[in-house]
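Biologist: I am new to this structure and would welcome a formal introduction. May I put some questions to you?

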Amino acid sequence: MEPGQPPTSDGQDGAATPPPPRRTTSRKPVIGVPRSALDRFEARVLDPATAHRIANRTPQPTAYVGNQLLVAGVVGLGADQRIETLRQVAQQLGLDIRISAQDLRVSALLSGRGDGELVDRVYATRVILSRIGKQPAPPVDAWDLLLAARAEGLSSLELTLDHVMSGCPGMGGVGYWDGVGYWDGVGYWDGVGYWDGVSAAGLSEYARPGVGARTPVVWQAPDPRSLAPKVERAPVVALLDTGIGTHPWFVPGDGGFEKDVFFHGIRIGANFPPDQDPENTGVVNDTLNGRLDPEAGHGTFIAGVVRQRCPQAHLLTIPILPADGAVEEHDVHLALVLLLLRHLDAQRHGNPAEVVDVLSLSMGYYHETPEDALADGPLKRLLHAYAAAGVTVVMAAGNHGTTEPFFPAAFGAPYGSPIDPDGPVPLTTVGAMNPDASTVALFSNSGPWVTTHRLGAAIVSTVPVTLRGSTESSIWVERHDPACRATVGPETYPGGFALWSGTSFAAPAAAGELAAFIAAAGGGIDRPEACERGRKAVAHVIDAGPR
């Protein structure tokens, strides 16, 4: 039975077995910002105990960029009046605002397009805050300006925090499940933090190497792509993550993946230099001790999961997540907008090589006012624009073992929701199952927004052969008959394969299944056909159940 499915009759009299009583409380997730992210974008965590209330509501903890806000719309179109209102409010608080050069460039690019109304509806312009004058003053806090602007009439649909989004594995770094107290934490997540994070019984098991954490393993079968039958058109799966590294399955020029994606000369995603690339050595932030970063190899692992489920898929591996897993919401939003425009142009011009059939996202954040996030804001409108264009969007449910809404996963169509036969493709949120395929992994988030589940604990997939951390074998014996003797080196991956756990890997498993269905179905790339095929693919994956 699909997790969350209503109970069925198990007695001769036809009576349904009542479900077990539901708990009314939820384990609170760890809200943390890596120390390295503090240096990059002055990130902070909203503390409900001290933060000013918004509309008489106590906000929930969330991580956000301290000196930035997001304004709905494009400069030159719908954003202008909102920005002017924000500027007037900012001046009253002794603040100045400016638009990022990146957004101005995108605005110029979009000004001549015929779909400007659509872009204006889904875009979010980044506004950078600074203090007027040079007198000593506390750091700028975007939350204060947000509240003041709301009092002047800018709604939650027009102005939001620039949230810090994080990758979903959560169990491969040091001390992820620790983090006691507000200013505390252990390991990579030792920056700003909130909520208690003390391990619930069993959760920490998934963070142990050899049980569920990133661990070297051996794969003894050929690349699935080498044995896969040809299809009429290779389905395209877009993966916004850490990118892709060196691996025998992913050889440049073999047609199976693309790692440099552009739209009108603008790179979609980040361009990490080698010393900052999460898919290179895997050691970016802890160069002193040489430990692997939490997200090292994450994108390559996800690509391997899709490859196993749909060997024929063509992968767009768009780097957006850095090695510590913390990225500005705006950067993700911008990449998604550019990718959507690329897709729409490909549909318009009949170019199958640049359409997107499936979009897989394994990242997210917790919103300070979830009810506002569930309203029709820019991120929700953007994902619905993908769905209306025939793209099947798959999102990871999150790994905190909580029912707190995790975004964008919380936009997913609940399990059992009817699929509109003439509507867009439903947004699909995927939770994780244990290897027995009958129990939900303890770390997997839960809620009415979870659409389906796939295997996501102790998964085997690809990692860059270049990953090499400082944690060596626990025993090493110098011998020469014929080689040294040692235990397994937990941070050395020359074999190119690992075991790992997380909803991050359940989502691409579903994405691969969706791509396989789309490949088998065939057909054109225009919007009506793509939507019909996508709706059928989602229904098929849900009906198939966890596997």
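Modeller: The exchange below concerns salt bridges and one strand.

Modeller: This is a predicted model, in which local features need pLDDT of at least 70, side-chain atom pairs count only at pLDDT 80 or more, and totals for chains, interfaces and linings use all residues. Residues are numbered from 1 along each chain as its sequence is written, and side-chain values use heavy atoms, with hydrogens and water left out.

Biologist: How many salt bridges does the structure hold?

Modeller: A salt bridge requires a side-chain nitrogen of Lys or Arg within 4 Å of a carboxyl oxygen of Asp or Glu. By that criterion, the number in the structure is 22.

Biologist: How many residues apart in sequence are the parts tied together by Arg 348 and Asp 115?

Modeller: The side chains of Arg 348 and Asp 115 form a salt bridge at 3.6 Å, N to O. Arg 348 belongs to helix 8 and Asp 115 to the loop between helix 3 and helix 4 (116-122), so the parts they tie together are separated in sequence by 233 residues. Helices (H or I, at least four residues) and strands (E, at least two) are DSSP runs, numbered from the N terminus.

Biologist: Is Asp 115 buried or exposed?

Modeller: Buried means under 20% relative accessible area, exposed over 50%, and partly exposed in between (1.4 Å probe, protein chains only). Asp 115 has a relative accessibility of 12%, so it counts as buried.

Biologist: Which side chains of strand 4 are buried?

Modeller: Side chains alternate along strand 4 (residues 95-99), with Asp 96 and Arg 98 on one face and not buried. Pointing to the other face, the buried ones are Leu 95, Ile 97 and Ile 99.
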